[in-house]
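I am opening a fresh page for a structure that is new to me, and I will write down what I look up in the order in which I look it up.

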Amino acid sequence: MAQHLSKKIKTVTMAAIYLMATQAMNAGAQALPDPTRPPAALQKDERETENVPAAPELQSVLISPKRRVATINGQIVHVGDKVGEAQVVKITENEVVLRNGKESRTLKLLPQVQRRSGQDRNSSRTGSGPQ
């Protein structure tokens, strides 16, 4: 009987040690920060972004013989559709025109890219290549 009691005490003691060890490991793991999370200084306060509507951004344009479609802020629009309070009045290969009352606004697909005329491109090629 004493041997049976001694075996039970060992089993209970081992179970208690195991539970304490796993709890200690879990507590340590929870304290570690997420290494992929951006620093707090780069994160926007949710209250700031809730009330400020995003400025319309032209993301893509699809033109085919039968239709003209654009994606603005993730919303697929056709001529005549609304984006916020403004109405889509024109869709071209690289821009969309929105009208809100008397005010018009042009959204460009790639606003930082400017097209050069054919003469500008040809003149920049001559004389600048290896000889």
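I began with burial, and in this predicted model I found that 13% of the 131 residues of the protein chain count as buried. I then looked up the accessible surface of the protein chain, which comes to about 11500 Å², with 55% of that area belonging to carbon and sulfur atoms.

Next I turned to secondary structure, where I counted three helices and seven strands, and reading along the sequence I noted the pattern α-α-β-β-β-β-β-β-β-α. I also checked the contacts with a separation of 6 or more, and residues 24 or more positions apart account for 23% of them.

Which strands form the open sheet, and in what order? I wrote down four strands in the order β4-β5-β6-β7, with antiparallel pairing. At the edges I found β4 (82-83) and β7 (103-108), and since each has a single partner strand, one side of each is left without a neighbour in the sheet. Looking at one edge in detail, I saw that β4 and β5 run antiparallel and are joined by two bridges, and that V83 stands opposite A86 in β5.

I stayed with A86 for a moment and asked myself whether it is buried or exposed. Its relative accessibility is 11%, and because buried means under 20%, A86 counts as buried. Leaving aside neighbours within four places in sequence, I listed D81, L98, R99 and N100 as the contacts of A86. For A86 and R99, which are 13 residues apart along the chain, I noted a separation of 5.2 Å between the C-alpha atoms.

A86 also led me to the largest nonpolar core, which has eleven residues in all: L58, A70, I72, V77, V83, A86, V88, I91, V96, L98 and L107. The elements that give two or more residues to this core are β2 (68-72), β5 (86-91) and β6 (95-100), and the largest share, three residues, comes from β5. I added a general remark beside this entry, namely that nonpolar side chains tend to be buried together in soluble globular proteins. Within the core I looked up I72, which, apart from neighbours within four places in sequence, is in contact with P56, E57, L58, Q59, V77, V83, V96, L98 and L107.

Last, I went to the surface, where M14, I17 and M20 form a nonpolar patch with about 340 Å² of accessible area together. I located M14 in helix α1 (residues 2-31), and I marked M14 as exposed because its relative accessibility is 55%, with the cut-off for exposed being over 50%.

Notes. Residues numbered from 1 in each chain as written. Predicted model: local features only at pLDDT ≥ 70, side-chain atom pairs only at ≥ 80, totals over all residues. Heavy atoms only, no water. Core = buried A, V, L, I, M, F, W, Y, C linked by side-chain atoms within 4.5 Å. Buried < 20%, exposed > 50% of the residue type's maximum accessible area, 1.4 Å probe, protein only. Contact = heavy atoms within 4.5 Å. Patch = residues over 30% accessible without salt bridge, like charges linked within 9 Å, V, L, I, M, F, W, Y side chains within 5 Å. Areas by Shrake-Rupley, 256 points an atom, 1.4 Å probe, with all protein chains shown as cover. Salt bridge = Lys/Arg side-chain N within 4 Å of Asp/Glu carboxyl O. Pairing = 2+ DSSP bridges.
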